[in-house]
Every structure is written in C-alpha cells, then in structure tokens.
Amino acid sequence: MKNMMCKTMIVLLASTVLISCATIMGKSAPETLNIRSTPDQASVVIADESGTKIFEGKTPTSLPLEKKKGYFSGKKYTVKITKEGYAEQTVTVDTTVNGWYIGGNIIFGGLIGWLIVDPATGAMWSLDTNEINATLASKQGAMIDPNGAVIVLLQDVPLSLRDKMVKVSQ
C-alpha cells in the first residue's frame, strides 16, 4: 500500500511538472520578426488577418509578433514593403503548429497540454518565418540599348548577382 502511494505521488508530481511540453520547450511570448530590404529605408506596414494595422516603420527593423489569435487559432500577418520608385512587395507571415506541441505532448504533456495549456497560452504556435529579406525591383523602366543590353543602376542589382557582373569598356 505504501509503495502504491509513493508511485502515485511520483506520477502526480511528474504530471504537474511536465503538464505541457510546448509551453516548457517553446515560448508563449511573442516571436521576433526581422525585416530588411534592398534598398534599405523602405516603408513597412504590417496588418493582421482582420486588416488592422499593427505596425508602421522603415527597414531594417525588428518587432515582436503575437502568435495566438484565439483558442486553437494562430495569427496571420500581411507585410507590405514599399519605397518610392520601386515595386511594392507583399509577404504573408503565418503561424504553424510548433513541433514540441505535437511530439512533446505525446511523450510528456498528455491531454492536459494538448487540449488546454498549449492552446490557451499560444505556445502551440510558431511563426512560419522570423526573417524577411526583400529585394525591391526598380519601377524606373530600364533603358534598352539597341544591341540588346539592359542598363540599370548598380543599387538595383541584387547583391547576389553583383559578383557576376563584368565591366564593359566603352
């Protein structure tokens, strides 16, 4: 009887400590989204799934985003990046189910973590991206050379392509 009581106490204590794995291993707090653009100092406007503007600023920037919309419901954001003379770029940032919520609660948390704690705290969600690197295309029409060459400003050439450029003499 004493042995059974001791085992019961250990199970109850372990259940209390490991009540929900995503809450323990993940974060119920907002996640940081980093936004950069080429060229920098582009305007950034972020709206949530209801269309409510939650942020307005310039690149580069970082800001915390809530992951939980409601019980068993994650947030979704639309990020619009604009700059005078460049084409607008729109990126959707969605939430996905955290791996610790699925796997961790099967092993450690059980039904309490799966159905109550992680959905209530928002720890079951993660942002699908933590970083946006936008390269804005120039709207200033490129001048077309009769020989088939396209002339653009160096600042409009993505950094990843600059090392492939060849100097042409006049």
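How exposed is Q41, counted by relative accessibility? I looked this one up before anything else: Q41 counts as partly exposed because its relative accessibility is 43%. My cut-offs are under 20% relative accessible area for buried, over 50% for exposed and partly exposed in between, with a 1.4 Å probe and protein chains only.

**Ground rules**

I am working on a predicted model, where local features need pLDDT of at least 70 and side-chain atom pairs count only at pLDDT 80 or more, while totals for chains, interfaces and linings use all residues. Residues are numbered from 1 along each chain as its sequence is written, and side-chain values use heavy atoms, with hydrogens and water left out.

**Entry: the loop with Q41**

I placed Q41 in the loop between β1 and β2. Its phi is near 65°, a positive value in a residue other than glycine. P39 sits in the loop between β1 and β2 too, and a cis peptide bond with omega about 0° joins T38 to P39. I found another cis peptide bond between T59 and P60, with omega about -5°; P60 is in the loop between β3 and β4.

**Entry: the chain overall**

I count 4 helices and 12 strands, taking DSSP runs numbered from the N terminus (helices H or I, at least four residues; strands E, at least two). Of the 170 residues in the chain, 29% are buried. I also checked contacts, meaning heavy atoms within 4.5 Å. Among those between residues at least 6 apart in sequence, 66% join residues at least 24 apart. The exposed area is about 11,100 Å², with carbon and sulfur atoms supplying 61% of it; the method is Shrake-Rupley with a 1.4 Å probe, and for residues only the protein chains shown count as cover.

**Entry: the sheet**

I traced an open sheet of 5 strands, in the order β3-β2-β7-β8-β9 and with antiparallel pairing. Two strands pair here if DSSP finds at least two bridges between them. The edges are β3 (53-58) and β9 (125-127), each pairing on one side only.

Going through the pairs, I noted these:

- β2 (residues 43-48) pairs with β3 over 5 bridges, antiparallel, and I46 has F55 as its bridge partner in β3.
- β2 and β7 run antiparallel and are joined by 6 bridges; V44 stands opposite I81 in β7.
- β7 and β8 also pair in the antiparallel sense, over 6 bridges, with T78 opposite T92 in β8.

β7 and β8 form a hairpin with 6 residues between them, and G85 in the turn has a positive phi of about 90°.

Which side chains of β7 are buried? Y77, V79 and I81 are, and they point to one face; K76, T78, K80 and T82 point to the other and are not buried. In a regular strand the side chains alternate between the two faces of the sheet.

**Entry: the core**

I looked next at the largest nonpolar core, which has 17 residues. The term covers buried Ala, Val, Leu, Ile, Met, Phe, Trp, Tyr and Cys residues joined through side-chain atoms within 4.5 Å. The residues with the most contacts inside it include L33, I46, V79 and V93. Among the elements giving two or more residues are β1 (31-38), β4 (61-65) and β10 (131-135), and β7 gives the most, with 3 residues. Setting aside neighbours within four places in sequence, I listed the contacts of L33; among them are I46, V79, V93 and I132.

**Entry: salt bridges**

I found 5 salt bridges in the whole structure, each a side-chain nitrogen of Lys or Arg within 4 Å of a carboxyl oxygen of Asp or Glu.

K67 and E31 meet at 3.8 Å, N to O. The pair links K67, in the loop between β4 and β5 (68-70), with E31 in strand β1, 36 residues apart. K67 is buried at 2% relative accessible area, and E31 counts as buried at 12%.

E49 and K75 meet at 3.3 Å, N to O. E49 is in the loop between β2 and β3 and K75 in the loop between β6 (73-74) and β7, so the pair ties together parts 26 residues apart in sequence. E49 counts as partly exposed at 33%, while K75 is buried at 12%. D48 joins E49 and K75 in a network of salt bridges.

My last pair was E56 with K53, whose closest N and O atoms are 2.8 Å apart; E56 and K53 are exposed.
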